[in-house]
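Reader: Hey, I'm new to this one and have it open on my screen. Can you walk me through it?

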Amino acid sequence: MKNTGKTKMALSFFMLLTGLTSLSCVSQRLDLPKALIADFKNPPAAYKPMPFWHINGELTTNGIRQQMKDAKELGGFSGISVLPLAPKKNGRPGTTPKFLSGEYLERFQDVLDTAEELDMEVILYDDNDFPSGMAGGQLGELYPQHTMKRLDKIEHMVRGPRQIRQKLPDGQVLSIVAMNTETLERIELTPFINNNVLNYDLPAGSWKVMSFVLVKDSYHKAYPVVDYLDTTAVRKLMELTYGVHQKNFGDYFGTTIKKVFFDDVGFWKHPRTWTGRFNEKFKELNGYDPKPWYPALWYDIGPQTESVRHAFFKTRAELLAEGFPKLVGEWAKANGLKDTGHPPGNYDPTPIDMNADIFKFYRHMAMPLTDAIIGYQFGQNGHKLISSAADYYDKPVVSTEIYGAYKEKTFDSLMLYRSAMDLFSRGVNFVVPHGLWYNPEQVYISPLVSPYSEKLAPALPEYSEFVGRACMLLQGGKRVSEIGVFYPFEELAGWYRFEDPANPRQGFFISPETNYMEISGLLTNDIRQDFTFIHPEFFLEDKYAIQNGAVTLSNLENKQTYKALILTGCKVISAKTLEKLKAYYDQGGLVISTGQLPYKSSEMGKDEQVKTLIKQMFGVDANAPLDGNPHINQNNSGGRAIHLPDANEAELSKALAVGPTPDVAFSPNPTLASDFGKFNYIHKIKEGRHIYFFSNSSDEDIETQVTLKGDVTLFEANPHTGQISPLTNTTKGTLHNQVLTKAKLTLPAVSAVFWISNEMPK
């Protein structure tokens with residue numbers, strides 16, 4: 001890259017980090033608020049872990065009381081979420097008494113009575129096992145018409161000219177299309193249906209005649225699941241579950257019961273989930289009839305393929321967001337509760353066949369939740385999607401369901417901390433461990449995180465205090481993030497098609513160009529500069545304001561200002577989004593492209609506009625071969641557009657160095673010997689003071705110098721012990737009128753620390 005003034009500034013900053021710039025020593029005394037010091041030492045119950053309590057057996061009044069007492073006194077847990085289980089086909093017992101029966105409600109009353117006695121909180125888990133939406137089997141029994149639907153394609157080849165005369169298949173026919181296999185010409189045949197019979201004279205050629213039919217779906221649990229996309233269906237479900245709990249236990253809402261939890265609402269094992277009013281919603285959102293375009297869900301139909309797929313999957317995302325999650329969120333708010341929960345695959349590379357659109361899913365939720373299960377570090381680069389959605393919606397609490405399905409043999413007390421610390425650094429600040437089991441001798445989903453676990457029991461009280469301290473400091477405030485990374489929804493939607501034989505598994509069918517997860521990992525784990533994902537559709541809103549070469553997310557509390565925007569590898573993008581991105585560049589902004597530049601539009605007929613905007617911004621043709629070297633383009637306003645065909649750590653670090661001084665920097669930037677465990681940080685500003693959290697989940701000790709942007713007087717707060725003391729031997733310096741604070745950081749293996757500043761001047 002060219003050696004610009006910004007690059008020279010980066011070199012000067014490196015000299016500062018390595019101690020070649022003169023700095024002055026600073027000392028300070030402990031003058032933090034007494035309430036903060038006291039609460040950090042003994043964190044309030046609201047911040048401590050509240051695990052799932054899987055009921056794999058017969059509930060009794062005495063059993064409930066004893067286990068809840070042990071959970072609090074021996075485990076340090078301040079609450080529980082009662083998770084009823086459906087009986088398993090292999091004979092494993094479910095919950096007794098039967099979910100929602102009179103006897104079950106009596107035992108749930110025992111839970112609430114015990115919680116009041118022990119000053120514990122009860123999270124209302126909304127169903128009998130997961131996914132939510134079964135009502136313990138009542139939905140399928142009482143309202144079978146409101147269970148989940150599936151889109152099927154019934155196809156046969158026809159050689160024309162030939163008359164087609166056929167009876168319609170069973171189910172709701174959403175479209176019938178004939179597509180020429182050579183020219184891709186399509187003929188919509190639904191206008192030629194009369195009395196349930198299709199009658200049409202096909203012209204010459206080879207044709208695929210495809211009927212797209214809505215049918216009742218099967219189910220992979222004990223009971224059918226609700227049609228999440230249909231508000232009428234969801235309301236019927238909620239009468240059976242939420243309504244029953246409100247009628248019987250509404251007096252406890254807002255006191256003993258403060259949160260409601262739903263689980264795995266989405267398309268897991270049902271990638272072709274569809275609904276009856278889909279065509280109507282599609283036309284409302286996109287302005288044209290979807291019926292002629294249905295083949296794009298399975299096949300390439302020509303130049304419009306990607307834009308049409310995007311329209312289909314954007315529609316499904318809106319239906320899901322405005323279905324189950326919205327109605328539950330409204331119910332919770334009306335009843336004085338906070339709702340939390342998650343869809344399947346919220347950390348996976350693509351949301352299209354799992355949860356539709358991870359950002360839109362959390363639109364109406366009080367506490368967005370990331371599902372950190374399967375195994376340590378599984379899906380780790382995707383957790384920032386959930387906290388980024390929370391940032392956009394200005395939500396102060398981000399939950400996690402954590403540890404479920406980790407291997408019992410390899411799970412130890414250190415793993416409790418590794419996973420929690422990694423997630424805290426990625427924006428999480430409320431923990432739901434997975435979990436307690438009513439019968440600890442028969443755990444269906446490991447590990448057992450319980451006072452009845454011989455290997456974990458001694459560690460649980462200190463772990464619960466650690467979590468409480470961390471969550472107390474990390475909930476609320478604003479996260480300091482100066483890098484925005486575009487979430488490539490248009491690329492993910494434009495690529496995806498049903499039943500492709502190359503699809504490896506749900507959540508993982510992405511184009512070869514898609515690399516946003518890799519960029520997430522590079523920024524968080526290697527370069528160590530925090531970032532926020534930006535949904536390209538949301539970027540068009542006035543909430544993202546461009547001014548003086550920066551983009552501000554204009555929230556009431558969690559306000560963020562991005563001084564670099566990263567466009568990850570993709571072929572498809574919205575032309576409107578690209579126009580606003582270019583406006584930012586024209587006003588002096590830094591844009592970095594990592595990999596393939598887009599050359600197709602998610603809006604129909606705007607491909608050439610995308611190519612022109614890319615050329616104007618980056619100075620290269622999007623689909624022209626490059627030599628692999630970085631290319632930088634500049635304008636008279638100071639804007640820079642850097643294209644990195646090979647988006648590796650070194651090149652991305654150099655590109656970011658062209659921008660402003662990092663908010664937090666490390667010298668040396670630690671290099672770990674293995675990928676097992678990470679060194680991460682998060683920086684928040686809360687109640688007028690800076691809060692820095694540094695975590696080391698690896699098995700290596702870390703020692704480095706940390707340079708912070710700003711003049712801050714710091715105190716070290718140890719979440720493992722609750723001790724707070726002045727951070728000694730900090731130094732200050734100035735670089736290009738920017739005051740910097742520097743201090744030594746020492747982090748032993750599997751440990752974390754907070755640095756807290758005095759209140760900033762008003």
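Author: Sure. One term to begin with: a charge sits over a ring if NZ of Lys or CZ of Arg is within 6 Å of the ring centre and within 35 degrees of the ring normal. Also keep in mind that this is a predicted model.

Reader: Ok, so with that term in hand, what lies over the face of Y299?

Author: That's K208, at 3.7 Å from the centre of the Y299 ring.

Reader: And which ring does the charged end of K580 sit over?

Author: The ring of F539, with the charged end of K580 5.1 Å from its centre.

Reader: While we're on rings, how many aromatic pairs are there?

Author: The structure has 61 of them. Take Y393 and F538: their ring centres are 6.2 Å apart and the planes make 65°, so this pair counts as edge-to-face.

Reader: Where do Y393 and F538 lie?

Author: Y393 belongs to helix α12 (residues 383-393), and F538 is in the loop between β19 (532-534) and β20 (544-547), so the pair ties together parts 145 residues apart in sequence. Both Y393 and F538 are buried.

Reader: Got another pair for me?

Author: F424 and F466. Their centres are 6.3 Å apart with the planes at 40°, so that pair is tilted. F424 sits in helix α13 (residues 413-424) and F466 in helix α14 (residues 460-474), so here the parts tied together are 42 residues apart in sequence.

Reader: Are F424 and F466 buried or exposed?

Author: Buried, both F424 and F466.

Reader: Switching topic: what's the strand order in the open sheet?

Author: It has 9 strands, in the order β15-β14-β13-β12-β10-β4-β3-β2-β16, and the pairing is parallel. The edges are β15 (430-433) and β16 (436-437); each has a single partner strand, so one side of each has no neighbour in the sheet.

Reader: Does anything pack on that sheet? I mean, which strands does helix α3 touch?

Author: Helix α3 (residues 61-73) touches β2 (52-55), β3 (79-84) and β16, and its direction makes about 155° with that of β2.

Reader: Zoom in on one strand pair for me. How many bridges join β13 to β14?

Author: There are 4, between β13 (residues 367-372) and β14 (residues 399-402), which run parallel. One bridge partner to look up is T400 in β14, which goes with T370.

Reader: What comes after β14?

Author: The loop between β14 and α13 holds Y403. Y403 isn't a glycine, yet its phi is positive, about 85°. Y403 is also buried, with a relative accessible area of 0%.

Reader: Any other non-glycine with a positive phi?

Author: K269, at about 65°. You'll find K269 in the loop between β10 and β11 (273-274).

Reader: Now helices. Why does the length of α4 agree with what you'd expect?

Author: At 1.5 Å a residue, the 17 residues of α4 (residues 102-118) should span 24 Å, and the end C-alpha atoms are 25 Å apart, so the two agree. Right after α4 comes D119, with a positive phi near 55°.

Reader: Which residues of α4 are buried, and what do they pack against?

Author: Among the buried ones are Y104, L105, F108, L112 and L118. The buried residues of α4 pack against β2, α3, β3, β4 (121-125), α7 (242-249) and β10 (257-263).

Reader: Where are the cis peptide bonds before P97 and P131?

Author: One joins T96 and P97, with omega about 0°, and P97 is in the loop between β3 and α4. Another runs from F130 to P131, with omega near 5°; P131 is in the loop between β4 and α5 (138-142).

Reader: Last thing: F754. Where is it placed?

Author: In strand β37 (residues 751-757). F754 counts as buried, at 0% relative accessibility. Leaving out residues up to four places away in sequence, F754 touches several residues, including F40, A470, I691 and F715.

Reader: And the hairpin of β27 and β28, which residue there takes a positive phi?

Author: G638, near 90°, in a hairpin with 5 residues between the strands. Strands β27 (residues 631-634) and β28 (residues 640-644) are antiparallel and pair over 4 bridges, and Q634 has R640 in β28 as its bridge partner.

Technical notes:
Residues are numbered from 1 along each chain as its sequence is written. This is a predicted model: local features need pLDDT of at least 70, side-chain atom pairs count only at pLDDT 80 or more; totals for chains, interfaces and linings use all residues. Side-chain values use heavy atoms; hydrogens and water are left out. Two strands pair if DSSP finds at least two bridges between them. Helices (H or I, at least four residues) and strands (E, at least two) are DSSP runs, numbered from the N terminus. Contact means heavy atoms within 4.5 Å. Axes are lines fitted to C-alpha atoms, for helices over the stretch in contact, and angles run from 0 to 180 degrees between N-to-C directions. Rings of Phe, Tyr and Trp (its six-membered ring) pair if their centres lie within 6.5 Å; planes under 30 degrees apart count as stacked, over 60 as edge-to-face and the rest as tilted. Buried means under 20% relative accessible area, exposed over 50%, partly exposed in between (1.4 Å probe, protein chains only). The expected span of a helix is 1.5 Å times one less than its number of residues.
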